[in-house]
Amino acid sequence: MGRYLLRRLGFALLLVLVVSSASLLLTHLAPGDITSDQALALDPAALARLRAELGLDRPLAVQYLSWLGGVVRLDFGRSLLYARPVSTLISERALNTAVLAIAALMLATAIGLPLGVYSGSRSRGAGRSVVRVLSILALSVPPLIGSLALVFLAARTGWLPVGGMTSAAGINLSWAQWLADLARHIPIPALALALPLAATLERLQSQAIEKATREPFVAASRARGLTQAQAVVRHAWPVSLRSVLGLYGVMIGTLFSGSFVVEVVTSWPGLGRLMYDALKARDLYLVAGCAASGAFFLAAGTWIADVLLALADPRVRSQEAP
């Protein structure tokens, strides 16, 4: 198991390096740079001085090797847009994204898994049909439409704030008041993220439960006197978790790396919004830093899922045995 986890950790580090390097190189190769918007206001000599000050006049290979040397020391450079260290910007926004991601993950799990167990353990019935229809509907609606619909609902009803992480007076609030303010702002973006994931979990869990309930050991447990619900919970559900845990790795990585659409529509100051601003401004070091953080979270989520899978399924550990 140790070699298995070390190999997965090595793959995760390689993924972070490849994704961040590709993001920096592609941003550099795209036409224009962060000084393009000032080209009309500055004369050529002033524009050349500005590009030299920002280090953009250096050859691509020199810029890349300089950036790579900094990455080894966990220094992702300085944002050309915000004039601040990239690592500082990412750590600030990553915390905001983590708050939203944890809320969305808990919500998706609380909705998706129980409904999946319910629909998968029944062969027919109105409840099963309703769950399936709702899941297909949630999967069919694009994230942009879903986010806009929730924001529209909040605006029309006035039940919840339509955007932002806290209100404008949040900086002057006490901790308890700030947490209460955050709790009012988080449901809309969390629901926008959680509903499609809950539907995905429901579909996957339902199919896994259907397959597991056909296993002979589940039938044997019924023969020993267990009820249908007891057999599902004690024997079928643990077996069905293998495929679900695999999806959790991708979900964790996706949520913690930020969502362009949801964070922009709901004005949530997270990594997705930061990446969007960096791409608009052609801030190549900030783009590379955001991409590296996204790849890191994706790799970390996959690694955590691998650990859970290895702990839950002895067949994974046995495959790694010499």
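Let's start where α5 meets α8: Arg128, Val131, Arg132, Ser135, Ala138 and Leu139 in α5 touch Leu195, Pro196, Ala199, Thr200, Glu202, Arg203, Ser206 and Glu210 in α8. Contact here means heavy atoms within 4.5 Å. Sorted by class, the residues of this α5 and α8 contact are six nonpolar, three polar and five charged. For those classes, Ala, Val, Leu, Ile, Met, Phe, Trp, Tyr, Cys and Pro count as nonpolar, Asp, Glu, Lys and Arg as charged, and the others, Gly among them, as polar.

This is a predicted model, and local features need pLDDT of at least 70, side-chain atom pairs count only at pLDDT 80 or more, while totals for chains, interfaces and linings use all residues. Residues are numbered from 1 along each chain as its sequence is written, and side-chain values use heavy atoms, with hydrogens and water left out.

**How the helices cross**

Back to α5 and α8: their axes come within 8 Å and cross at roughly 135 degrees. That makes α5 oblique to α8. The words for angles go like this: under 35 degrees counts as roughly parallel, over 145 as roughly antiparallel, 65 to 115 as roughly perpendicular and the rest as oblique. The axes themselves are lines fitted to C-alpha atoms, for helices over the stretch in contact, and the angles run from 0 to 180 degrees between N-to-C directions. The crossing of α5 and α8 is left-handed, a word used if the near helix is turned anticlockwise from the far one by less than a right angle, with right-handed if clockwise.

Helix α5 (residues 126-140) also packs against helix α4 (residues 86-120), at an angle of about 135 degrees and with the axes 9 Å apart. That makes α4 oblique to α5. Which residues make this contact of α4 and α5? On the α4 side they are Leu115, Tyr118 and Ser119, and on the α5 side Gly127, Arg128 and Val131. By class, that gives three nonpolar, two polar and one charged residues. The crossing of α4 and α5 is left-handed.

What about α4 and α8? Their axes are 6 Å apart, at an angle of about 30 degrees, and α4 and α8 are therefore roughly parallel to each other. The crossing of α4 and α8 is right-handed. Their contact has 18 nonpolar, seven polar and three charged residues.

Here are the three pairs side by side:

| Helix pair | Angle and axis distance |
|---|---|
| α5 and α8 | roughly 135 degrees, within 8 Å |
| α4 and α5 | about 135 degrees, 9 Å |
| α4 and α8 | about 30 degrees, 6 Å |

**The chain as a whole**

Stepping back, the chain has 14 helices and zero strands. Helices (H or I, at least four residues) and strands (E, at least two) are DSSP runs, numbered from the N terminus. The C-alpha atoms fill a box of roughly 85 × 60 × 40 Å, taken along the principal axes. Of the 322 residues, 41% count as buried. Buried means under 20% relative accessible area, exposed over 50%, and partly exposed in between (1.4 Å probe, protein chains only). Among contacts between residues at least 6 apart in sequence, 72% join residues at least 24 apart.

**A few residues to look up**

Is Ala212 buried or exposed? At 3% relative accessibility, Ala212 counts as buried. Ala212 lies in helix α8 (residues 187-212). Leaving aside neighbours within four places in sequence, Ala212 is in contact with Val218, Ala236 and Ser240. Ala212 and Gly249 are 37 residues apart in sequence and 22 Å apart in space, C-alpha to C-alpha.

Ser91 lies in helix α4 and is partly exposed, with a relative accessible area of 44%. The C-alpha atoms of Ser91 and Ser293 are separated by 9.3 Å, with the two residues 202 apart along the chain.

Now for two loop residues. Most residues other than glycine have a negative phi. Ala83, though not a glycine, has a positive phi near 55 degrees. Ala83 sits in the loop between α3 (60-72) and α4, and is partly exposed, with a relative accessible area of 45%. Arg282 has a positive phi of about 55 degrees and is not a glycine. Its place is in the loop between α12 (271-281) and α13 (284-312), and Arg282 is partly exposed at a relative accessible area of 31%.
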